[in-house]
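Reader: I work at the bench and want a close look at one part of this model: how its inside is packed. Please start at the edge and work inward.

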Amino acid sequence: MKRASFNDPFKGEKGCYHLSSSHLEKQSLFRSDSDFIFGVNTLALLLSLFDVSLIAYCLMDNHLHLLLNGRLESCLSFYDRVVLRIAQHSAGQYGISGILNCEDVDIVATTDNPEDTCSKIIEYKPEMVFAKYDFGTGM
């Protein structure tokens with residue numbers, strides 16, 4: 001569900017959210033190994049600034065997925081900063097701009113165990129393998 005119409009089932013309390021950017025049809029965010037490294041480093045750097053836990057992530061060439069635990073407002077703020085930083089990187093590296101929009105995020109809240117959520121996503125789309133995030137969190 002899109003940000004504007006999302007009704008938070010956790011009502012301001014901490015919960016588990018799957019946030020994903022829209023697929024870019026004709027542009028790639030991550031074109032090289034160094035782009036992917038930049039993306040992972042971005043996640044690590046920004047985690048210390050937000051009260052969220054990054055459970056899993058998937059950086060794909062034309063979009064990204066984050067499985068986060070925290071209050072919705074914090075999760076969305078973290079997502080916005082990640083998207084902004086990746087967009088700035090893409091503009092600087094490849095001269096492309098305006099390809100990521102913070103408002104254009106898909107949000108799914110889950111009451112399942114986060115590990116179960118990762119398993120369900122992988123079963124649904126096996127080509128989309130999430131990497132478990134195993135270094136520190138902002139919590």
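Author: Start with K11, which lies in the segment before β1. This is a predicted model, so every value here is computed. K11 is exposed because its relative accessible area is 64%, and exposed means over 50%. Its backbone stands out too. The phi of K11 is near 50°, a positive value in a residue other than glycine. Most residues other than glycine have a negative phi.

Now the overall layout. The protein chain has three helices and five strands. Along the sequence they follow the pattern β-α-β-β-α-β-α-β. Of the 139 residues in the protein chain, 45% are buried. The accessible surface comes to about 7,300 Å². Carbon and sulfur atoms hold 51% of that surface. Much of the contact is long-range in sequence. Take the contacts with a separation of 6 or more: residues 24 or more positions apart account for 74% of them.

Next, the loop between β1 and α1. S22 lies there. Is S22 buried or exposed? S22 is buried, because its relative accessible area of 18% falls under the 20% cut-off. What does S22 touch, beyond residues up to four places away in sequence? Its partners are K2, N62, H63 and D104. N101 is 79 residues away from S22 in sequence, yet their C-alpha atoms are 8.7 Å apart.

Now go inside. In soluble globular proteins, nonpolar side chains tend to be buried together. Here the largest nonpolar core has 30 residues. Within this core, Y17, L19, L66, F78 and I107 touch the most other members. Which elements supply at least two residues each? They are β1 (15-21), α1 (33-47), β2 (52-60), β3 (63-70), α2 (72-94) and β4 (105-110). The biggest giver is α2, with eight residues.

Look at L19, one of those well-connected members. Set aside its neighbours within four places in sequence. L19 is then in contact with L64, H65, L66 and L68. Its contacts also include C75, L76 and Y79. V105, D106 and I107 complete the set. Two of these partners, L66 and I107, are themselves among the core residues that touch the most other members.

Turn to the two helices. Two packed helices are described by the angle between their axes and the distance between the axes. For α1 and α2, the angle is about 145° and the axes are 10 Å apart. Their crossing is right-handed. On the α1 side, the contact is made by D35, F38, T42, L43, L45, L46 and L47. On the α2 side, it is made by F78, R81, V82, R85, I86, H89, Q93 and Y94. By class, the contact has nine nonpolar, three polar and three charged residues. F78 does double duty: it belongs to this contact and to the well-connected members of the core.

G39 sits in helix α1. G39 is buried, because its relative accessible area is 0%. Outside its neighbours within four places in sequence, G39 is in contact with F30 and L59. V82 is 43 residues from G39 along the chain, and their C-alpha atoms are separated by 8.1 Å. V82 is also one of the α2 residues in the helix contact.

Last, compare two positions in helix α2. V83 is in this helix, and so is E73. V83 is buried, with a relative accessible area of 1%. E73 is exposed, at 67%. V83 is in contact with L100 and C102, leaving aside its neighbours within four places in sequence. I99 is 16 residues from V83 along the chain, with 10.0 Å between their C-alpha atoms. E73 and D51 are 22 residues apart in sequence and 9.9 Å apart in space, C-alpha to C-alpha.

To recap: α2 gives the most to the core, packs against α1, and holds both buried V83 and exposed E73.

Technical notes: Residues are numbered from 1 along each chain as its sequence is written. This is a predicted model: local features need pLDDT of at least 70, side-chain atom pairs count only at pLDDT 80 or more; totals for chains, interfaces and linings use all residues. Side-chain values use heavy atoms; hydrogens and water are left out. A nonpolar core is a set of buried Ala, Val, Leu, Ile, Met, Phe, Trp, Tyr and Cys residues joined through side-chain atoms within 4.5 Å. Buried means under 20% relative accessible area, exposed over 50%, partly exposed in between (1.4 Å probe, protein chains only). Helices (H or I, at least four residues) and strands (E, at least two) are DSSP runs, numbered from the N terminus. Contact means heavy atoms within 4.5 Å. Axes are lines fitted to C-alpha atoms, for helices over the stretch in contact, and angles run from 0 to 180 degrees between N-to-C directions. A crossing is left-handed if the near helix is turned anticlockwise from the far one by less than a right angle, and right-handed if clockwise. Ala, Val, Leu, Ile, Met, Phe, Trp, Tyr, Cys and Pro count as nonpolar, Asp, Glu, Lys and Arg as charged, and the others, Gly among them, as polar. Accessible areas come from the Shrake-Rupley method with a 1.4 Å probe; for residues, only the protein chains shown count as cover.
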